[in-house]
Structure formats: C-alpha cells, structure tokens
Amino acid sequence: MDKKTLSILKKIYFHENGFYNSKLKSHEHKIPATVTQADLELLDSKGLKPNNFETFDHDNSLDRLLKLRENKKLTLDFVTTMFLKGFTGEMPRGRQTLMSYLYIKHLSKHSFVGKDTCEICGLPKVKTEDRTHKLYTYYLGYSWNELPLHYLIELEEAITFDKPEITKTDREKLEKSLEFIAKADEKETPSKLEKRLASNKILDQTDKYKRYGILQTLSECGILPNKFMRPKYEQFTSQKDLWKVSEKLTTSFRSDIILPLGGWKGENGIDTKRYNEIFNATK
C-alpha cells in the first residue's frame, strides 16, 4: 500500500476516533476534518471506503468461504508467497492470507449450532463489520487466528492481488529465523520467544503483536508444533473442541497467547519437514 493511502486510513482509524453505533452494533469512525473529499475519493477508488459496513450471517458467510476454496488462484503456493513477502516486511498485508487459507482448508458445509457463535466453525450467527477497518489492520501487518469472519473479508480482497515474486533471499530470511527459534531453551515459552526475537531484532517492521501473529501462523502450519492439538494445516478443529482443549493448558502455559502457539515450548522445536512441505523449500 502506498504511503498516502495508509496515511489517510490512519487519520480515520486511530483508536480513540469514533463512537459505538447501537443500530449497527458496531464501532463507527468519524471522518476527521483533515481528511478531504479527494482523500475519500482515493480510498473509494481502492475499495477502501471508510465505515464500509456489511452485515454477515452464518450460512452466507460459510457459503462464501467454501466458494473461495474453489477459487483457482487461492492455492498453497499463492498464500505462502504472500506470507513470505509479509514475513520479510516488504508486503505486510501478506501476513494474514496463509492463516485465512488454513482455516478454509478443511472447512465443510454445516448448519449453525450454538447461540451467538457457531460451536462448529466459530462464525457468528449475525454480525455487522466495517470491512475497511479489518483490512486496515492487515495492511499494518497484523495477523490473527481468533475471528473466522475476518478470514472471509481478508480472502475476498487477497484474491484480487497478483502473486508476489519470491527471491532466494526471502526464503533464506525465514529459514534463518526458524534456525534462531530452534535454539530455544527447552522451557522457553511463546512470550519468552517473542522477547528473544525482539531483543535480537530478528523480525523487521514488527511490534509485539505482529510478531505473535507471525508465530501463530507458523503454529497453525505445524512448523511450531505443540502437544495439545493438531494445526489447521492437518485438520479442522471445531470451536467447541478448541474451547475444551484450551482448558487443558497447564498453569505454565497459560497466558493471553491462544492455541496453537500457546501450547508451544522450546522443547517442541521446529518441524523442518513440515516447513519444507508447505514452503517447498527443497524446490
């Protein structure tokens, strides 16, 4: 994303700006006086109109996610190249796409089960979201694995991008980072790993939560393995089962870092075979 567009979005979507819209049951952001009509037209031309609210329901969202899985452009090769460019910091927006793809990899058609959130897929029964606000967080370089509805918003934009060109240097940067992680003490926790990465300046253009997002993606791939659950790359885990597994985390594991990353420790190391399988590193 160019600096001008990102600057306009920052003016609109800074944390304190806006109010809760009770009708939409969602946060709405005010347009600051410093944002001109020309600025708004620029955002609109890029499909980033602010306060772009859409109301999603479970069945429609699920159908759209399953349809995305059939998209010929949305391949493992495409999403890993997006992640690599995001990992290097050259294209922060690319960090989320692999995570979103892993969610739909084993997703299947089903009826809604639960009250407000589906106990199978984690999608809400009904929810209104500002699409542009969610996309803005991805352009900043954040990535998440908690709210499946956001995967839909992310993937529907991601498939409009051209596949990035990956260099040998891009791959080497990820490989060297994994080698660094592999040197962890057996008792090292995810939070200690994040601090070690930060103090050694391993991941460029990242803050604490951006680093957690990158590590969470590697965990969902199974590259950072854990003993509590299988990653999304291998199988789909229902929301209800995820809640149950989360309760099994011992005191030493408990933190604000959710599974699967929350279950990793230094003794689990790095699954190099899985890395090669997903990123085609032997090619």
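**Figure 1. Helix H1 and the second largest pocket of this predicted model.** Helix H1 covers residues 3–12. With three residues, helix H1 gives the most to the lining of the second largest pocket. The lining has 14 residues in total. Nearest the centre of this pocket lie Met1, Leu6, Pro92, Tyr139 and Leu140. The volume is about 280 Å³. By class, the lining divides into seven nonpolar, one polar and six charged residues.

**Figure 2. The largest pocket and its lining.** Rolling a probe the size of a water molecule over the atoms shows where empty space is left. The largest pocket holds about 760 Å³ of space. Its lining is made by 43 residues. Asn145, Glu146, Leu147, Pro148 and Gln239 lie nearest the centre. Two strands, S2 (26–28) and S4 (126–130), each supply at least two lining residues. Helix H6 (131–139), helix H7 (149–158) and helix H11 (239–246) each do so as well. The lining has 18 nonpolar, 15 polar and ten charged residues.

**Figure 3. Helix H7 and its cover.** How many of the ten residues of H7 are buried? Nine are, and the helix is mostly covered. The buried residues are Leu149, His150, Tyr151, Leu152, Ile153, Glu154, Leu155, Glu157 and Ala158. Two glutamates, Glu154 and Glu157, are on that list. The cover over these residues includes strand S3 (53–57), helix H3 (58–69) and helix H4 (76–88). H5, S4 and H6 also take part in covering them.

**Figure 4. Arginine 131 in helix H6.** Is arginine 131 buried or exposed? Arginine 131 counts as buried because its relative accessibility is 14%, and the cut-off for buried is under 20%. Contacts with neighbours within four places in sequence are left aside here. Beyond those, arginine 131 is in contact with Asn52, Glu54, Phe56, Arg64, Ile153 and Glu156. One of these partners, Ile153, is itself a buried residue of H7.

**Figure 5. Aspartate 170 in helix H8.** Helix H8 spans residues 168–182. Aspartate 170 has 6% relative accessibility, so it counts as buried. Which residues touch aspartate 170, leaving aside its neighbours within four places in sequence? They are Leu84, Lys85, Thr88, Glu90 and Glu165.

**Figure 6. Helices H9 and H10 cross.** Two packed helices are described by the angle between their axes and the distance between the axes. Here H9 is residues 190–199 and H10 is residues 208–221. Their axes come within 10 Å and cross at roughly 115°. The crossing is right-handed. From H9, the contact uses Pro190, Ser191, Leu193, Glu194, Leu197 and Ala198. From H10, it uses Lys208, Arg211, Tyr212 and Leu215. By class, this contact has six nonpolar, one polar and three charged residues.

**Figure 7. Helices H5 and H10 cross.** H5 is residues 97–105. The axes of H5 and H10 come within 9 Å and cross at roughly 30°. H5 passes H10 in a left-handed crossing. Leu98, Met99 and Leu102 make the contact from H5. Gly213, Gln216, Thr217, Glu220 and Cys221 make it from H10. This contact has four nonpolar, three polar and one charged residues.

**Figure 8. Serine 191 in helix H9.** Serine 191 is partly exposed, with a relative accessible area of 24%. Leaving aside neighbours within four places in sequence, serine 191 is in contact with Tyr212 and Ile257. Leucine 261 is 70 residues away along the chain. Yet the C-alpha atoms of serine 191 and leucine 261 are separated by 9.8 Å.

**Figure 9. Backbone details in three loops.** Most residues other than glycine have a negative phi, and most peptide bonds are trans. Lysine 25 has a positive phi of about 55°, although it is not a glycine. Lysine 25 sits in the loop between strand S1 (19–21) and S2. With a relative accessible area of 60%, lysine 25 is exposed. Lysine 201 also has a positive phi, near 50°. Its loop runs between H9 and H10. Lysine 201 counts as exposed at 69% relative accessibility. Where is proline 260? Proline 260 lies in the loop between H11 and helix H12 (272–279). A cis peptide bond joins leucine 259 to proline 260, with omega about 5°.

Methods
Residues numbered from 1 in each chain as written. Predicted model: local features only at pLDDT ≥ 70, side-chain atom pairs only at ≥ 80, totals over all residues. Heavy atoms only, no water. 1 Å grid on protein atoms, 1.4 Å probe; cavity = no way out; pocket = protein on both sides within 12 Å on 5 of 7 lines; lining within 4 Å. Points joined across faces, edges and corners; volume = space filled by probe spheres on them. Helix = DSSP H or I, 4+ residues; strand = E, 2+ residues; numbered from the N terminus. Nonpolar A, V, L, I, M, F, W, Y, C, P; charged D, E, K, R; others polar. Axes fitted to C-alpha atoms, helices over the stretch in contact; angles between N-to-C directions. Left-handed = near helix turned anticlockwise from the far one by under 90°. Contact = heavy atoms within 4.5 Å. Buried < 20%, exposed > 50% of the residue type's maximum accessible area, 1.4 Å probe, protein only.
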